[in-house]
Structure formats: C-alpha cells, structure tokens
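Please open the model in your viewer and keep the sequence panel beside it. The stops below say what to select and what is there.

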Amino acid sequence: MSVKPGEFEASKELTINNRLGLHARAAARLVETAEQFNAEIYLEKDGQTVDAKSVISLLTLECPPGSEVLIRARGQDSQSALEAITELIENDFGE
C-alpha cells in the first residue's frame, strides 16, 4: 500500500480486548463500519494484511483477545474511518 501525493492515509495500532477476540460477529460489525466509508481499509497482524471490508479475510487473521493489530485507511475519508473503527474496537465491538 503506497501513498501518492494528495492521497490521505491514516493508521493506528490497537489491541483487541473483547472476551472472544475478532470472532465472526465482531468481524461482521467491523465490516459494517468499514463499508460506511469510501476509504480502502486494511487490518494487519503479524505481517499479514487483509481487507477490512471482508469478514472472511478478517477471520483469517485469527485474533484472540490481546492481539495487536494495525489499522490502515487510505482515501478522502480515511481519518473518519480510522476513528470509527477505533471506537468500535475500543468499545469491544459493542459486546
């Protein structure tokens, strides 16, 4: 993922702290949130990067509680997308 001049990119490291980690329901909530934005959004863990708008891709990261993930967003609304996803994760996916 490279950034061209004039593009917007935001990133942040977060810890998955909900009781079951990034399981199917939590991943679906993350996808719902990510799909509200035009930005390309990726999650990275242990060198593996996946599309945050795909439940199947998110589940391949295998994120138990305590997992450290890097969220990257690129596009005009990247900062808003990053803030929404940060809020979702910090609020334990509403669980």
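The tour goes from the whole chain to the core and then to the C-terminal end.

**Before you start**

This is a predicted model, in which local features need pLDDT of at least 70, side-chain atom pairs count only at pLDDT 80 or more, and totals for chains, interfaces and linings use all residues. Residues are numbered from 1 along each chain as its sequence is written, and side-chain values use heavy atoms, with hydrogens and water left out.

**Stop 1: the whole chain**

Show the chain as a cartoon and follow it from the N terminus: the elements come in the order β-α-β-β-α-β-α. That gives three helices and four strands. Helices (H or I, at least four residues) and strands (E, at least two) are DSSP runs, numbered from the N terminus. The radius of gyration is 12 Å, close to the 12 Å that the globule rule gives for 95 residues, so the chain is as compact as a globular protein of that length. Here the radius is taken over C-alpha atoms, and the rule is 2.2 Å times the number of residues to the power 0.38. Along the principal axes, the C-alpha atoms fill a box of roughly 40 × 25 × 20 Å.

Now turn on the surface. About 5,300 Å² of the chain is exposed, and carbon and sulfur atoms supply 44% of that area. These areas come from the Shrake-Rupley method with a 1.4 Å probe, and for residues only the protein chains shown count as cover. Of the 95 residues, 41% count as buried. Buried means under 20% relative accessible area, exposed means over 50%, and partly exposed lies in between (1.4 Å probe, protein chains only).

Colour by charge next. The chain has 9 positive and 17 negative charges, and their mean positions are 2 Å apart. Lys and Arg count as positive and Asp and Glu as negative, while His and the chain ends are not counted. Each charge is placed at NZ of Lys, CZ of Arg, CG of Asp or CD of Glu.

Which share of the contacts with a separation of 6 or more comes from residues 24 or more positions apart? The share is 70%. A contact means heavy atoms within 4.5 Å.

**Stop 2: the core**

Select L22, L30, I41, L43, L58 and I71. These residues have the most contacts inside the largest nonpolar core, which has 27 residues. Such a core is a set of buried Ala, Val, Leu, Ile, Met, Phe, Trp, Tyr and Cys residues joined through side-chain atoms within 4.5 Å. At least two residues of this core come from each of β1 (9-15), α1 (24-34), β2 (40-45), β4 (68-74) and α3.

Keep I71 selected and show what surrounds this residue. Not counting residues up to four places away in sequence, I71 touches A10, S11, K12, L14, I41, Y42, L43, L82, I85 and I89.

**Stop 3: helix α3**

Select residues 78-90, which form helix α3 and include E83. E83 is partly exposed, at 48% relative accessible area. K12 is 71 residues from E83 in sequence, yet their C-alpha atoms are 9.4 Å apart.

Q79 is in helix α3 as well. Its relative accessible area is 44%, so Q79 is partly exposed. Measure in your viewer from Q79 to L61: they are 18 residues apart in sequence and 23 Å apart, C-alpha to C-alpha.

Is L88, in the helix, buried or exposed? L88 counts as buried, at 9% relative accessibility. Apart from neighbours within four places in sequence, L88 is in contact with R29, L30, T33 and F93.

**Stop 4: the segment after α3**

Select D92, which is found in the segment after α3. D92 is not a glycine, but has a positive phi of about 55 degrees. At 26% relative accessibility, D92 is partly exposed.

F93 is found in this segment too. Phi of F93 is also positive, near 60 degrees, in a residue other than glycine. F93 is buried, with a relative accessible area of 2%.

End at G94, in the segment after α3. G94 is exposed, with a relative accessible area of 59%. Its C-alpha atom is separated by 8.5 Å from that of A26, a residue 68 positions away along the chain.
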